[in-house]
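Please open the model in your viewer with the whole chain in view, and keep a selection box ready for the stops that follow.

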Amino acid sequence: MRAVIFANGVFHPSRWAGEWLAGSHLHIAADGGLRLCHQLNLLPDILVGDFDSLTEQEVQQMQAQGVRVLRYPARKDETDLELALQAACEQAVDEIIVLGGLGARWDQTLANLLLPAYRRFRHVPMVFVDGQHEIFALNAPPARRLTLRGRIGDTLSLIPIGGDVRGVTVQGAEYPLEREELHFGATRGLSNVFLEETVLLEIDEGSLLAVVIHTSEPER
């Protein structure tokens, strides 16, 4: 089951985001991400957060429409997005897409992009989508292989998080790799290029973000 989480960051609509939404089964709004739901003409299944970005009237309207509301105190140890991820995992989802998870604040953006490596979430495939950017999280164990789709000329950057990544294999890109190591903090994995419409990415150990920057919208 695919869950889409609507966060309270910057969101640039694209058909890439539309394709992820089309196959989704569970919608979760993280606090002010509710307004992104409204922008996309969607009603969330769950609304979660401390609601410092919403009015009490907005929260009550969601309750009246049958939305499950999970309210947390303002003084808490998790961000609203982390709480939304917890709510998704409690529903036994097997894939999480995050919209609006980037761009509003650098501290929030960096923390958001590290969440896929957290032990509570690393078992669930996760993708952050904004405009022409798709950011895929890959952790090993458990996941080891990812097929990335795009167009010839699209950009692919691999960014280790939380340590070095071993056994990195890339096929179908201008700079192929065969069971090599990408070091945490180094920039070797940046700015690769799709040579085919699919690129195979595989790792043996570690966590990384695979950033795909599309040069154009997908064909209908």
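**The whole chain**

With 220 residues, a compact globule would have a radius of gyration near 17 Å, and the protein chain, at 18 Å, agrees with that; the radius is taken over C-alpha atoms, and the globule rule is 2.2 Å times the number of residues to the power 0.38. This is a predicted model, in which local features need pLDDT of at least 70 and side-chain atom pairs count only at pLDDT 80 or more, whereas totals for chains, interfaces and linings use all residues. Residues are numbered from 1 along each chain as its sequence is written, and side-chain values use heavy atoms, with hydrogens and water left out.

Turn the C-alpha trace along its principal axes, where it spans about 55 × 40 × 30 Å. Colour by secondary structure next, and the chain shows five helices and 14 strands, these being DSSP runs numbered from the N terminus (helices H or I with at least four residues, strands E with at least two).

A surface display gives an accessible area of about 10,800 Å², of which 50% belongs to carbon and sulfur atoms; the areas come from the Shrake-Rupley method with a 1.4 Å probe, and for residues only the protein chains shown count as cover. Of the 220 residues, 50% count as buried, where buried means under 20% relative accessible area, exposed over 50%, and partly exposed in between (1.4 Å probe, protein chains only). Among contacts between residues at least 6 apart in sequence, 63% join residues at least 24 apart, a contact being heavy atoms within 4.5 Å.

**Stop one: A7**

Select A7, in the loop between β1 (2-6) and α1 (15-22). A7 has a relative accessible area of 7% and is therefore buried. Leaving aside neighbours within four places in sequence, show what A7 is in contact with: A30, G33, L36, L81, L99, G100 and G101. For a distance label, join the C-alpha atoms of A7 and E196, which are 189 residues apart along the chain and separated by 32 Å.

**Stop two: strands β5 and β6**

Now select β6 (residues 126-130), where five of the five residues are buried, so that the strand is largely enclosed by the rest of the structure. Which residues of β6 point one way, and which the other? M126, F128 and D130 point one way, V127 and V129 the other way, and all are buried. Add β5 (residues 95-99), which pairs with β6 in the parallel sense over four bridges; two strands pair if DSSP finds at least two bridges between them. One pair to label is I97 with V127, its bridge partner in β6.

**Stop three: helix α4 and A92**

Move to α4 (80-90), a helix that is largely enclosed by the rest of the structure because nine of its 11 residues are buried. Among the buried residues are D80, E82 and Q86, together with L81, L83 and L85. Just after α4, A92 takes a positive phi of about 60 degrees, although A92 is not a glycine. A92 lies in the loop between α4 and β5, and at 62% relative accessibility it counts as exposed.

**Stop four: N41 and P141**

N41, in the loop between α2 (33-39) and β3 (46-49), likewise deserves a backbone display, with a positive phi near 60 degrees in a residue other than glycine. At 71% relative accessibility, N41 counts as exposed. Finish at the cis peptide bond that joins A140 and P141, with omega about -10 degrees; P141 has its place in the loop between β7 (133-140) and β8 (145-149).
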